[in-house]
Structure formats: structure tokens, C-alpha cells
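Hi everyone, thanks for making time today. Have the sequence and the picture open while I talk, and stop me if a term goes by too quickly.

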Amino acid sequence: MGHAMLVSFGVRLILYQHLHIVLIILSFVGHGDARVTSTFVRSEWPSTDIPLENEAFAIPKGHNAPQQVHITQGDYDGKAVIISWVTTAEPGPSKVQYGASKDNSEFTAEGTVTNYTFYNYKSGYIHHCLVDGLEYNTKYYYKIGVGDSSREFWFQTPPKIDPDASYTFGVIGDLGQTFNSLSTLEHYMQSGGQTVLYVGDLSYADRYTYNDVGIRWDSWGRFIERSTAYQPWIWSAGNHEIEYMPNMGEVLPFKSYLQRFSTPHTASNSSNPLWYAVRRASAHIIVLSSYSPFVKYTPQWMWLREELKKVDREKTPWLIILMHMPIYSSNLAHYMEGESMRAVFESWFVCFKVDLIFAGHVHAYERSVRNFFPFSVHFLWYRISNIHYNVSSGDRYPVPDKSAPVYITVGDGGNQEGLAGRFWDPQPDYSAFREASYGHSTLEIRNRTHAFYHWNRNDDGKKVKTDSVVFYNQYWASNLHRRRGLQKSHCKL
């Protein structure tokens, strides 16, 4: 890099820093210095699933027409997608025709087809097709199916891996298939999000029995297709995907989920589809499985140890982790269920200065970390950790820790179990904002130093930005001494 380019970058970084300070002052003035437990209450739609005959679950017209179409990232760096769909009458071709022109599908990719049974339910024919070798930042059109029953969609590839690549992620969890779920999904589709980070609990089909379990997986696949056919959803599994039902003879965990939803786990050297990593734009995203073994020496533990070593904040400055079970939550529902994972992994999260950890499970919204001036010693809000505690000694409570992540719970997608409206009182110091309402979040990464975050409440059918904050990158927005420390980090793994 030449001297002029270095000077230019330095000037831009200083301008970004001043802009950040102005923005956070404005945010601080608006919210004050108090912890917030929202008192907002509205009459929500009933927490019951939408009837199967509703148009939200419409079956596409045509004999054996592809349905339940969804895509996810198909490789480590965003130049591939996995396109999945279901045919019901017969397998049909597992082929994707695609190209950068709507009128010219110049490329073809061949996929695989499978099916499964669950009790007496027999699934349709489930297709998974890897489409790779794509160009960055390009709109692709694709067609699946044959003849009059074929269907056409499109997707946009991300920008190339770059520390200043801007990108907007949606964050959704515990969606289900109620009218509240539909409100969340429709609001997200208006948000400008380019890829969804999904934090587990998908269809809630396990709330049913016998053949209805599979039928409600099918309805959910058609329900989400309005978004998932056009942009990647990065999947993680929750407790409702386990489906351990010995009374029905079904004892294989995650059976339906693993058949229906493919992940690019082998691209990150994972031995299991339930935990994996991808890089997208300026973000390194790690997906963990809360309901798979994760203690020392297990496959997930060993994989995460190696994956964290591969993170390069010079290329992907934003380090984001997805899990289903929150490890910090002040809601009475599922309280401290994530404590075992916290005890195993929190020291790694702190040592590697993870930026954000998104979780679901609790059917409410909560954000930790009150923001602070990253270039000042005057803390307005702070990050916390509990890594010094053990059963014999150490700090009993979480303490301020500038290297700790932000913890955000977004288990508020709209499922049939309803909201978790009971929080611990008083509100813990680490909890900055909490509210029991349905909604979704967006994370707008602007560059290597900062990102704009919004939680959007479903307010009587309208999308309302309720919690907004500027997040500073743990690596690039810190001072040079801390950045060099991370470069030379000798984390105990």
C-alpha cells in the first residue's frame, strides 16, 4: 500500500471515528443512562398456527411443481449457494438452470434427491443442489422444475470478502407459523436485509403428533418461501428441531431438520451440519449447536477451537456467533439454561473479542451492553463477562469487560407458544433493553469500524424501530495497542 493510500485511509478512519462519537452522543441523549424494561403491551394475534387452507401456505400450481424453495450459502466465502426444494408427486429432475440474465439460463447444476418417513408420514422428494463458481455482487436468475410446472426465482451474491464491505443482515428466531409469524416475515422483507441469520426453532412442527408433524414442516416450507427463495438464510437448530418422540417410534434427533435443510458444514471442516462457519462480505459467522455435545474434547468443541484460529479480522473484521440458547438472559423463561455453554466457551469469546452473539429460545427481546465511546475511558455503557468465576473462587457476578461480546436475544419471531413476558426484577446491570413483543432485527454493517443495529417491533401490524444502537467493531474501533494485542493473541484453547 502506497503512502498516499495510507494517508487517505487514515483520514477516512478519523472521520469515521468523529462520526461515531456524534452518533453515539445523539443515541445516548435519546435513551438516557437508565436500563430499559419496556412497558409496551398490545393485544397480539392469538398464538395459534394459521389454518392449513390459508393462502399463506398456498401450493404452487402445476403437476409436481417445486415448492418449499429455500437457499443458503453453499461455501465458505459466499461464491456458492445451496438451492433446496420439494416435489410431491415424483422426484423429477434435481437440476437448476441459472445465469446472470433473466432470459438466458446458460449454466446447469445437478443436485441430489432424498426423502424420509416420520411415523406414518412420508415426505415429498427433497432436492439439494449446490450452485458454485459464482461471481461476487451479481444477480442470478434460476429455474427449477420442468414444463408448465417450472418456477423461476433470483438471488444476489454478496460483495467479495473485504473489511469495508457493507452488508445488511436480518436476524430472526423462533418464527413458527402463526399470524404473528407472518407479520414478522413480511416486516423483515421490507427491511432491506440481504441475508437472514436464523437462530433456531423453525416450524414448531414438534408441537403436533403423528402425521401432522411432517405436514406442518411442509406448510412452514411454503410459508417462508416468499423470502428464502430469494436470499440465503443461515440456519441454526433449536430445541424444537430435536423431535425426540419415542411414543411414535421416532428417536433420531434432528431427523426432519437435517433432511430438509442443508448447510455448508464441510467447507469449514465441520464433521456435522449442526455447527459450521461462513464468511460473507465483512463478517465471519460461526454457527453453534446448543443441543449437541460441546464440552471439552467433543467434536464441536474441537472444531470451534480450530475455527477461531482461522478468523482474520484484517479481512472479516466482524465476528458473529449464532446459537439457540442464550448464555445471558434476564427473562424468567429458560433462565440459566445456557450456563453450561457459557462455562465452556465464554473465555474463548472474550479472548477472541467476538463482536456479537445472537440467540433465540426465550420468546422476548433483550440486548446487553450499553454503548461506550470506543476512543475514551469514559464508559457510558459496558460489556460484561463472568470468566473469572468458578465453583471455588472468583467474582460471583458478571463484571465489566471491554473484550466481551454483545449478547442479543431475538426469540420473538411469533410462534404458537406465545411471549415470555416475565423478567427478573430489578433489571441486571448488563441488560440494556428488554421487551416481550414480537419482531425481528437488522444489522447494517457499514464498514470495518461500525454497524447500525435495529430491533423492529411488530406493532399492531406495523414495523416499528424500537431499539436502535451503533455497534463498534472489537478489532478496528479499538485503539492500536488493543488491536496489536489481538493480532498477537495467545488465547488459551
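So, β10 and β11 run antiparallel, and six bridges join them. The program's strands are DSSP runs of E, at least two residues, and its helices are runs of H or I, at least four residues, numbered from the N terminus. Two strands count as paired if DSSP finds at least two bridges between them. One pair to look for: K139 stands opposite Q156 in β11.

Before I go on, this is a predicted model, where local features need pLDDT of at least 70 and side-chain atom pairs count only at pLDDT 80 or more, while totals for chains, interfaces and linings use all residues. Residues are numbered from 1 along each chain as its sequence is written, and side-chain values use heavy atoms, with hydrogens and water left out.

Back to the sheet. These two strands belong to an open sheet of four, in the order β5-β4-β10-β11, with antiparallel pairing. Which strands stand at the edges? They are β5 (107–110) and β11, and each has a single partner strand, so one side of each has no neighbour in the sheet. From one strand to the next, the twist averages 30°; angles here run from 0 to 180 degrees between N-to-C directions, with axes as lines fitted to C-alpha atoms, for helices over the stretch in contact.

Now the loop between β10 (139–144) and β11 (151–156), where you'll find G147. Buried or exposed? G147 counts as exposed because its relative accessibility is 57%. The cut-offs are under 20% relative accessible area for buried, over 50% for exposed, and partly exposed in between, with a 1.4 Å probe and protein chains only. G147 is also 85 residues from G62 in sequence, yet their C-alpha atoms are 9.2 Å apart in space.

Next, another open sheet. This one has eight strands in the order β1-β23-β19-β22-β18-β17-β16-β15, with mixed pairing. Its edge strands are β1 (36–37) and β15 (276–280), each pairing on one side only. β15 pairs with β16 (residues 283–287) in the antiparallel sense over five bridges, and V278 has I285 as its bridge partner in β16.

Lying across β15, β16 and β17 (318–322) is helix α5 (residues 299–310), at about 175° to β16. E307 sits in that helix. E307 is buried, because its relative accessible area is 1%. Leaving out residues up to four places away in sequence, E307 touches Y76, S268, A277, H284 and I286, where contact means heavy atoms within 4.5 Å.

Let's turn to β13 (residues 195–198). In a regular strand the side chains alternate between the two faces of the sheet. For β13, T195 and L197 are on one side, V196 and Y198 on the other, and all four are buried, which leaves both faces covered. β13 pairs in the parallel sense with β12 (residues 167–172) over four bridges, and one of the matches is G170 with V196.

Finally, the whole protein. There are seven helices and 26 strands, and 56% of the 493 residues are buried. Among contacts between residues at least 6 apart in sequence, 71% join residues at least 24 apart. Okay, questions?
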